[in-house]
Amino acid sequence: MSDLDDILTAHEGREGALLPILHDVQAAFGHVSDGAIRTIALHLNLSRAEVSGVVSFYHDFRRTPDQRPAIKLCRAESCQARGSEALAIEVERLAGSRVRVETVYCLGLCSVGPNAMIGGEVHGRLDRERVAALIEAL
Amino acid sequence: MQVRISDDAVAVACGADAVAARFAALGHEVVRTSTWGMHWLEPLVDIDGRGYGPVSPADVDAILDGRGERLAIGIVAKHPFITAQTRLTFARAGKTRPLSLEDYAATNGWAGLERARELGPVATIAEVTGSGLRGRGGAGFPAGIKWTTVAQAPGRRKYIVCNADEGDSGTFADRMVMEGDPFMLIEGMAIAGLAVGADKGFIYIRSEYPHAIAKVEAAARLCAHLVAPFEVEVRVGAGAYICGEETSLLNSLEGKRGEVRAKPPLPAHEGLFGCPTVVNNVLTLAAVPFVLAEGAQAYANYGMGRSRGTMPIQLAGNVKHGGLFETAFGITLGELVEKIGGGTHSGRPIRAVQVGGPLGAYFPSALFDTPFDYEAFAAVDGLIGHGGITVFDDRVDMAKQARFAFEFCAAESCGKCTPCRIGSVRGRETLDKLIAGENTLSNIALVADLCETMKFGSLCALGGFTPYPVMSAITHFPEDFAPRTAEAAE
């Protein structure tokens, strides 16, 4: 796990390093494996249970890989007020099993919804047509 | 020709990058700026101060050929949405390049820090106290008192923590500051550090704001030499709404589960890594440079009652003119959503307005004369929170909104206290029964009782304030909770 060692080295001496480490692991491997948890725990002198507890608390970290492309659709109040719920049904249908659909609560684009994020890219003023094109391209 | 287009996430989400690319391809100089905060006009194109919006790539040629009148909005700075505001914190919005030290210095940037350095810690805190600045995250606690507590706390190591976990739906002011005027935030933190004796600051930014993270990290690198010995480090959240609660945020920074801590001890005494810590919202810290540069009275002159200064109000949801409206406390809710917001985006009547995010009350039009003021909103069982206003039209189903309040609480609960962890689930289940028309009166009484338990028994505002959206929905929109069958009600 040389990439993991690089990540741990890069955060050496950082106060409260666990979340920055987990973010880098999630980004590099797409998930935080049991093996990674074991190595991180040993390195930070924490129990595996503690590290596991942190991984399971936060929505951003996955325990298992999922290589599918993903779309994060906002379903918080402001986007609800602009039609995100009806769009969500459409998104699930279009995504099928090929694309992972995740619910996110707020992208901070609350006056131009419905909104979605794909990778780090934001998309606003979504309607059925626009979202279909986005999913098609994934 | 120079063309100014914003690179704020709202502009980008609406296609600004493609518009910028088209102008560049035609040989024009494109300057990316912060957004003016008039979201319905984004992508907004500013040529010599005259604006066009919303612009799509197909409109570019027409604008350049002088055929852009359909999209013309005149001189942007003179737009009624802008001239009606009092922009103290958002003074630079739309005008400067976010990462240009040159633009920042030319617009009175660093004047606050300079004055703080001249005044020293005690006089700096006196300015903040005198301004009446209250925490803009939602709690509204006087910033000067918090800073005084940290300054006087024993301990060699102290921290400034900026809460940039802006998770409330209907809010984006923090994101706009971070993307549009990041040096101002860092300057505010440096002033705070000087005032209380902290030379390290953390900015905890939610992971759902990738553009803000990139901008603030870049800004921190660019101005490091100007704020030294104060040092700023960006930390990224991991998708947990509860980490917007200050003690949960501190635990997250420490690498733990985002569990809420009991208070006392206050973070001001025992905060990050057990050290005295100032935890302040982005807007609170962003207001500080103005207070130091112009003096406490300049800020305190605005407002009403005990709500001094300006509030950056965010108009969101099903609203026609959404965006950032900074104004003195005192303006009414009705004026905000009807006059300035222009009513709904859909054109249908406004039915409900949620103020203060997911934990805020739903207001009916009967309460539109409520002035924006901490105490006035509390008096009608509402709250200002972080200043977000979400507009709903007459298609809203308030029983579904009440159910969502419980569902959201259940999804985001840290799990530590029983009223929130269990109450949210039971509340959602009971709303399901209400929506199905079962035992309406007794289930409403049960929900009210549950809400009382959550309000007074929860460890923090997540469980504690979920009753606000739920009970306001039931109180102001009872017709949505009546049995949905053909049978007569009890």
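Is B:Glu254 buried or exposed? B:Glu254 is buried, with a relative accessible area of 15%. Keep in mind while looking around that this is a predicted model.

## Charged pairs

B:Glu254 has a charged partner: B:Lys256 forms a salt bridge with it, and the closest N and O atoms are 2.7 Å apart. The partner sits differently, since B:Lys256 is partly exposed at a relative accessible area of 39%. Because buried means under 20% relative accessible area, the 15% of B:Glu254 puts that residue on the buried side of the line, while the 39% of B:Lys256 does not.

Now for a pair in chain B where both ends are tucked away. The side chains of B:Glu179 and B:Arg175 meet in a salt bridge, with 2.8 Å from N to O. Why are these two about one helical turn apart? They are 4 residues apart in helix H9 of chain B, which covers residues 173-180, so about one turn of the helix separates them. B:Glu179 is buried, with a relative accessible area of 2%, and B:Arg175 is buried too, at 1%.

There's also a salt bridge between the side chains of B:Arg206 and B:Glu208, at 3.6 Å from N to O. B:Arg206 counts as buried at 3% relative accessibility, and B:Glu208 is buried with a relative accessible area of 12%.

Here are the three pairs side by side:

| Salt bridge | N to O distance |
|---|---|
| B:Glu179 and B:Arg175 | 2.8 Å |
| B:Arg206 and B:Glu208 | 3.6 Å |
| B:Lys256 and B:Glu254 | 2.7 Å |

Salt bridges can link up as well. One network of them joins A:Arg14 with B:Lys200, B:Glu231, B:Glu233 and B:Arg235. Over all chains, the count comes to 38 salt bridges.

## Nonpolar cores

Time to leave the charges behind. In soluble globular proteins, nonpolar side chains tend to be buried together. The largest nonpolar core here has 81 residues, and those with the most contacts inside it are A:Ile40, A:Tyr58 and B:Phe481. Which helix gives the most to this core? That's helix H17 of chain B, residues 398-412, with 8 residues.

A:Ile40 is a handy place to start exploring. Leaving aside its neighbours within four places in sequence, A:Ile40 is in contact with A:Leu4, A:Leu8, A:Leu18, A:Ile21, A:Leu22, A:Val25 and A:Val51. Apart from this largest core lies another one, of 60 residues, including B:Trp110, B:Val150, B:Cys223 and B:Val291.

Conventions. Residues are numbered from 1 along each chain as its sequence is written. Chains are lettered from A and ligands numbered from 1 in the order in which they are written. This is a predicted model: local features need pLDDT of at least 70, side-chain atom pairs count only at pLDDT 80 or more; totals for chains, interfaces and linings use all residues. Side-chain values use heavy atoms; hydrogens and water are left out. A salt bridge is a side-chain nitrogen of Lys or Arg within 4 Å of a carboxyl oxygen of Asp or Glu. Buried means under 20% relative accessible area, exposed over 50%, partly exposed in between (1.4 Å probe, protein chains only). A nonpolar core is a set of buried Ala, Val, Leu, Ile, Met, Phe, Trp, Tyr and Cys residues joined through side-chain atoms within 4.5 Å. Contact means heavy atoms within 4.5 Å.
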